[in-house]
Amino acid sequence: MNWLPILALALAAFLVAAFLAKLPRTGWTLFGAGLLFGLTGYATQGNPQLAGAPKDAVPTPTEAGPAMIEARRLLFDPSQPPSADITLSDGFARKGQFDDAAGILRVSVRENPDDAEAWIALGNALVEHAEGVPTAAAMFAYSRAEAADPDHPAAPYFLGVALLRSERFADARGVWAQMIERAPEGAEWLPAMQQRLAQLDAMLAQPMPQAAPGPQ
């Protein structure tokens, strides 16, 4: 079993909870224990080798949609609510209809190309529609968000999370390192992000489990 994507997803969940949702330090241990419990359950019961059961592809609500929406909103000024298009697209994303959400946002950014949050929402919807893969379209959306508001941390943060989920660890680290290097003086998020980068470095420094030798 390849543990890299599992570890990356767990790290991404912890980063969102601790950094974006501002989970108190007193709750880090409990949250970490919950992640460990989930990973243990997958290790003991998960079997990716089993054949799938064919069925119609019907979008279903997932935890990813609401979590990404809440994380995004935490990074933007709460006194300035998102546009009506973003709110409408969020409704689709909460139901797992990320393609529909992205369609609404494509129209929104054409009409208002300087709306950084709309570009972030579009990038996130495209990543979720691609099951965590930062496609070329998603990366373009993040780049446009950064161009619209160069000092805002949302674009490099969410791009880094998507890169982690797709096992592009070195790329994710590069994005976050550049984000920290270019941070405005006194940025409130800087100390926390420096700590997250150190945690990522520590994870990457750990030796990966070796595959069991095959029959001789």
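What share of the contacts in the protein with a separation of 6 or more is accounted for by residues 24 or more positions apart? The figure is 61%, where a contact means heavy atoms within 4.5 Å.

Before going further, some ground rules. This is a predicted model, with local features needing pLDDT of at least 70 and side-chain atom pairs counting only at pLDDT 80 or more, while totals for chains, interfaces and linings use all residues. Residues are numbered from 1 along each chain as its sequence is written, and side-chain values use heavy atoms, leaving out hydrogens and water.

**The overall build**

We've got 10 helices and 0 strands here, with helices (H or I, at least four residues) and strands (E, at least two) taken as DSSP runs numbered from the N terminus. Of the 216 residues, 38% are buried; buried means under 20% relative accessible area, exposed over 50%, and partly exposed in between, using a 1.4 Å probe and protein chains only. The accessible surface is about 12400 Å², and carbon and sulfur atoms hold 59% of that. Those areas come from the Shrake-Rupley method with a 1.4 Å probe, and for residues only the protein chains shown count as cover.

**The core**

In soluble globular proteins, nonpolar side chains tend to be buried together. The largest nonpolar core here has 47 residues, and Ile 120, Leu 122, Phe 158 and Trp 176 touch the most other members. Such a core is a set of buried Ala, Val, Leu, Ile, Met, Phe, Trp, Tyr and Cys residues joined through side-chain atoms within 4.5 Å. Helices that each supply at least two residues include α3 (64–74), α6 (116–129) and α10 (190–205), and the largest share, 9 residues, comes from α8. Setting aside residues up to four places away in sequence, Ile 120 touches Arg 72, Phe 76, Tyr 142, Ala 145, Ala 154, Ala 155 and Phe 158.

**Arg 72 and its surroundings**

Is that arginine buried or exposed? Arg 72 is buried, because its relative accessible area is 2%. The residue sits in helix α3, and its side chain makes a polar contact with the side chain of Glu 117 at 2.9 Å. A polar contact is a pair of N or O atoms within 3.5 Å; within protein, one must be able to donate a hydrogen and the other to accept it, and residues adjacent in sequence count only if both atoms are side-chain atoms. Beyond four places in sequence, Arg 72 also touches residues including Ile 86, Asp 90 and Asn 124.

Two of those belong to α4, where Ile 86, Ser 89, Asp 90 and Ala 93 are buried. Seen down the axis, the buried residues of α4 fall within an arc of 110° (taken from the directions from the helix axis to the C-beta atoms), so they line one face of the helix. Their cover includes α3, α5 and α6.

**Loop residues**

His 152, in the loop between α7 and α8, counts as buried at 17% relative accessibility. A polar atom of the His 152 side chain lies 2.8 Å from the backbone oxygen of Leu 75.

Most residues other than glycine have a negative phi. Here are two with positive values:

| Residue | Loop | Phi | Relative accessible area |
|---|---|---|---|
| Glu 131 | α6 to α7 | near 60° | 73%, exposed |
| Glu 167 | α8 to α9 | near 70° | 34%, partly exposed |

Gly 96, just after α4, takes a positive phi of about 85°.
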